[in-house]
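This report walks through one protein model for a reader at the bench. Please look over the sequence and the structure first.

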Amino acid sequence: MKSFRAHVAALIASGELDGSIIHSHERTGGHHVTTFHGPPIVASPRLSVWQLLSRRVRQWRKMESEELLGKSVQAVLPVSSWVLNRLISCYPELSGRFTRVAWPGVHPPASALEIGSRSVSNRFLFVGKEFARKGLADAVRIVDAYCRLSGVNATLDVVGPSIQELPKEIRGANFVHAVGWLQQIDYAGYSALIHPAKAEPFGMVVTEARRVGLPVICSDQTGAGEIESVGVLVVPLDQSPEVWASGLVNLLARDMAKEPEVAWSWSDLVDLHIRE
């Protein structure tokens, strides 16, 4: 990272980029605008005392501060309010600078073929290689509660981790199927996406599912849940599996939730940059 920063600094010093607006989403210096994608490292609860004392982490924290507060920086664009609130908490100096939530977008479906034909029921989807942070254990409990509430046998496909990576108690649930990593997900093959994330700065899987009409139930710790959407139900993370299951029943009853929906596109993001 330090080598990359040095190359960027040399390019800027050469004058080749004079007159340009320099946008970065890396720990560079000399940029004018930065898009910030994740929680700040200074607020990470996953760092041990030994990690905080490590040279690598100290360097990363220094570079993070320079990315946000460097002399050249005129705008900081976090990808959600979830991220913005954590940035302001860790870097109070940002409150006096231009900050604006800039959600990532999705492209509208190119054709009806991309949307597919949804005729399945009670087949649910979980997506996430980092399955613990994205709430897989809760998703399993939610589907179990849904089965008891509705009286039907539902399944949960887990995309991302392999079966060997999953905890024994999750592997032992007969309605859970580990699919592993997929290059492309067949969203049309499912009834809903379940995303009870514990900490999700944005969550592209939410907007990617909605663009082809898959209903989504997600936690209030998911940045993408901020985007107003008829097909997304946001549930407080601390609610019981029974409350989530009841919400899932209500979500599946909404016909509009099964229509393709692009509430925020890449074109909208471009317009935000041009306008503001």
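## Pocket, enclosed helix and paired strands

Helix H5 (112-115) and helix H8 (204-211) each supply at least two residues of the lining of the largest pocket, where helices (H or I, at least four residues) and strands (E, at least two) are DSSP runs numbered from the N terminus. The model is a predicted one, in which local features need pLDDT of at least 70 and side-chain atom pairs count only at pLDDT 80 or more, while totals for chains, interfaces and linings use all residues. Residues are numbered from 1 along each chain as its sequence is written, and side-chain values use heavy atoms, with hydrogens and water left out.

The volume of the largest pocket is about 450 Å³. A pocket here is an open set of points on a 1 Å grid over the protein atoms alone, where a 1.4 Å probe fits, with protein on both sides within 12 Å along at least five of seven lines, and lining residues have an atom within 4 Å of a point; the volume is the space filled by probe spheres set on the points, which are joined across faces, edges and corners. Of the 26 residues that line the largest pocket, Gln183, Gln184, Ile185, Tyr187 and Glu208 lie nearest its centre. By class, the lining comprises 13 nonpolar, seven polar and six charged residues, with Ala, Val, Leu, Ile, Met, Phe, Trp, Tyr, Cys and Pro counted as nonpolar, Asp, Glu, Lys and Arg as charged, and the others, Gly among them, as polar.

Helix H8 is largely enclosed by the rest of the structure, because six of its eight residues are buried, a term for under 20% relative accessible area, with exposed meaning over 50% and partly exposed in between (1.4 Å probe, protein chains only). The buried residues of H8 are Val205, Val206, Thr207, Ala209, Arg210 and Arg211, and their cover includes H5, S5, strand S8 (192-195), strand S9 (216-219) and strand S10 (232-235). Just after H8, Gly213 has a positive phi of about 90 degrees. Asn122, in the loop between H5 and S5, also has a positive phi, of about 60 degrees, although it is not a glycine; Asn122 counts as buried, because its relative accessibility is 18%.

On the other side of S5 in sequence, Lys134 is found in the loop between strand S5 (123-127) and helix H6 (136-150). Lys134 is buried at a relative accessible area of 14%, and, leaving aside residues up to four places away in sequence, Lys134 touches Phe126, Val127, Gly128, His195, Pro196, Ala197 and Glu200, contact meaning heavy atoms within 4.5 Å.

The table lists strand pairs, each of which needs at least two bridges found by DSSP.

| Strands | Bridges and sense | Opposite residues |
|---|---|---|
| S1 and S2 | two, parallel | His23 and Val33 |
| S2 and S3 | four, parallel | Thr34 and Val76 |
| S5 and S6 | five, parallel | Val127 and Val159 |
| S6 and S7 | four, parallel | Val158 and Ala178 |

Strand S6 (residues 155-159) is mostly covered, with four of its five residues buried. The chain crosses from S5 through H6 to S6 in a right-handed β-α-β crossover, that is, with the strands pointing away from the viewer, the path from the first strand over the helix to the second runs clockwise. Strand S2 (residues 33-36) is covered on both faces, with Val33 and Thr35 buried on one side and Thr34 and Phe36 on the other.
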